[in-house]
Structure formats: structure tokens, C-alpha cells
Amino acid sequence: WVIFGVVVSFVMVFGLYKANQWRQARIKRKDEEVFRLVRQATNFLFQQHQMAAREGKGGPSYLAINHIRDQLIPPQDRVAKADVWAEVVEYIQKNESRVRQDVQKIFGEDFRVWQWLPEIPWSPGSSPLPGPASPASHSTTIPSSSSNPWPHVPTTQGVVGWQGCAFPLGKHVAAPLAPPTSCLKVRHMFDVLQQGPGWVTQVKEEILRRCSEANILHIAVDTQSEEGTVYIKTTSMEDAGKVFRCLHGQWYRGQLVTAKYLRLERYHERFPDANTCSAPMKSSK
């Protein structure tokens, strides 16, 4: 009986140890997900503020909180992750001084919104987020694989080239499971007010280099677009998916690039010359 009692005690202690380990790992995963969503939400808000400031038309610089949630969390996960999102909202409300929460009427209905405060400069490297269990007055940096706690956000202005992905771990929530068409509309590839001679060719070259693994048939740069819009036609839906994954959610020259699919018929209506393109384009460099 003594031996039996020792064995049972050992099993119980070991079981409690493993259960505690599992609990700690679960808490850590949840905390990491909360911080990831906080970073992504502030990315969206900063980009919306940039767009409103660039257009200069007095448009809204706020976004509905539920709309941001729906952009970041797939529909099938929203119920299961409701408590995670609640922590994100609470964290931003209590600890993010660059974001103001308000209520705005959108299409006749009141929504809670977040707005990036324009008078506060964008300097993510100077304001690391505190841990969820720590008081706001004792900030600690978020665990990161580098010294920069915001590795997916550009930390300097005027930087050329690509500056990283806004969505860690390659998660593109807006991407369909299968590309529906071979054409795309890409925004924020350039600022039409800050371009020099030959800039249209440079934009095309940058896309071809970035998406070198995809077969691109046609690229059209909308030189009048205030959103830096570029249209791309590829040889297949598979290639369109490659372009989407290369461009969507990437920071480029301080702008967050976004992409969406465009129907082939619509593309040919806008660019009839693309109908006869059959040879993949190649970068000249």
C-alpha cells in the first residue's frame, strides 16, 4: 500500500505539473494573439489616417471597431475569439494614447469607432506595449524576434522599397481560399504627387521584381489615381494568387499596399489592349 500510495501521489503531482504547463502555454498563446491583433488594428487606423490626410478632402479618418474586427478575424472564428477581441478593445482603450474611441453615425446607424490622432506623430518604436498583466505605468516590450517591437510597421519616413508585412505569420484574412480571377486591383503603390520622370516604368519594374515568381501579362498604372492604383493581369488564377500574396498587406515606401481581385471582363473593358497580351512580362533588371 505504501508503494501504491507513492505511485498515486507521483502521478497526481505530475498531472498537476503538466496541467499547469498547458495552462501557462495557453495563456501565452492568447496574449500573443491579443498583441498581434492590437498591432494590426493600429496599422489599419494609421493607414486610414494617411489616406484621409493625403486626399485632403475632409473625409473620415476613423474606422468602425466592428469593421476592423471583421477584417482581422475570419467569420468562422469570431464567436470563439470574442473574448480575445474584447481584450484587444480594452487594451487599446486603456493603453493606446494615439487612438481615440468615439461614436459616429455611419449610414444612419451609430457605431463605436477608433480614430488615429493626427497631432501625435507615428513613432511605433518609441512606445512599446505593456504586457497584459502589467500596470500601464510599468511598460515592457512585446516579445519579438528582433529589437524592434513593431517589426512589421515602417519606423522611418522617406524610406524607399519594401518595409515588411503588416500581417505577421503570413495571415491574409481578406484573401479568398482560391483566387476567383486572374486580374487584380492594387492600391497604394505610389503617391502621384511625389513622382519624378519615368516613375510609371519604375512602378511596373518594382511589381515585376517583387512578383518574379508569377507570370504577369499586363500592368496598367492609373496616373490620376489619388490612391496609387495599379491594375494587373496574370496568365492564370494561380498566378493572380501569387501576386496577391506578394503585395497585399505589405508596407511599401510608408504605404500599406492592398489588393483585391477584379473580374476579367471588367479588366478588358477598362484596358482593351490587355486582351491581346499573351507573353509574360519580364523585369529589365
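A salt bridge here is a side-chain nitrogen of Lys or Arg within 4 Å of a carboxyl oxygen of Asp or Glu. This is a predicted model, where local features need pLDDT (the predictor's confidence in each residue, from 0 to 100) of at least 70, side-chain atom pairs count only at pLDDT 80 or more, and totals for chains, interfaces and linings use all residues. Residues are numbered from 1 along each chain as its sequence is written, and side-chain values use heavy atoms, with hydrogens and water left out.

**View 1. E33 pairs up with K81 in a salt bridge.** The closest N and O atoms sit 2.7 Å apart. E33 lies in helix α1 and K81 in the loop between α2 (65-72) and α3, so the pair ties together parts 48 residues apart in sequence. Helices are DSSP runs (H or I, at least four residues), and strands are too (E, at least two), numbered from the N terminus. E33 counts as buried at 16% relative accessibility, while K81, at 23%, is partly exposed. The cut-offs: buried is under 20% relative accessible area, exposed over 50%, partly exposed in between (1.4 Å probe, protein chains only).

**View 2. K30 and E87 meet in another salt bridge.** Here N to O is 3.0 Å. K30 belongs to helix α1 and E87 to helix α3 (residues 82-95), 57 residues apart. Add D83, and K30, D83 and E87 make a salt-bridge network.

**View 3. Helix α4 (residues 199-210) tucks some side chains away.** W199, V203, E205, E206, I207 and L208 are buried. The buried residues pack against β4 (162-165), β6 (216-221), β7 (230-234) and β8 (250-252), a contact being heavy atoms within 4.5 Å.

Technical notes:
Expected span 1.5 Å × (residues − 1).
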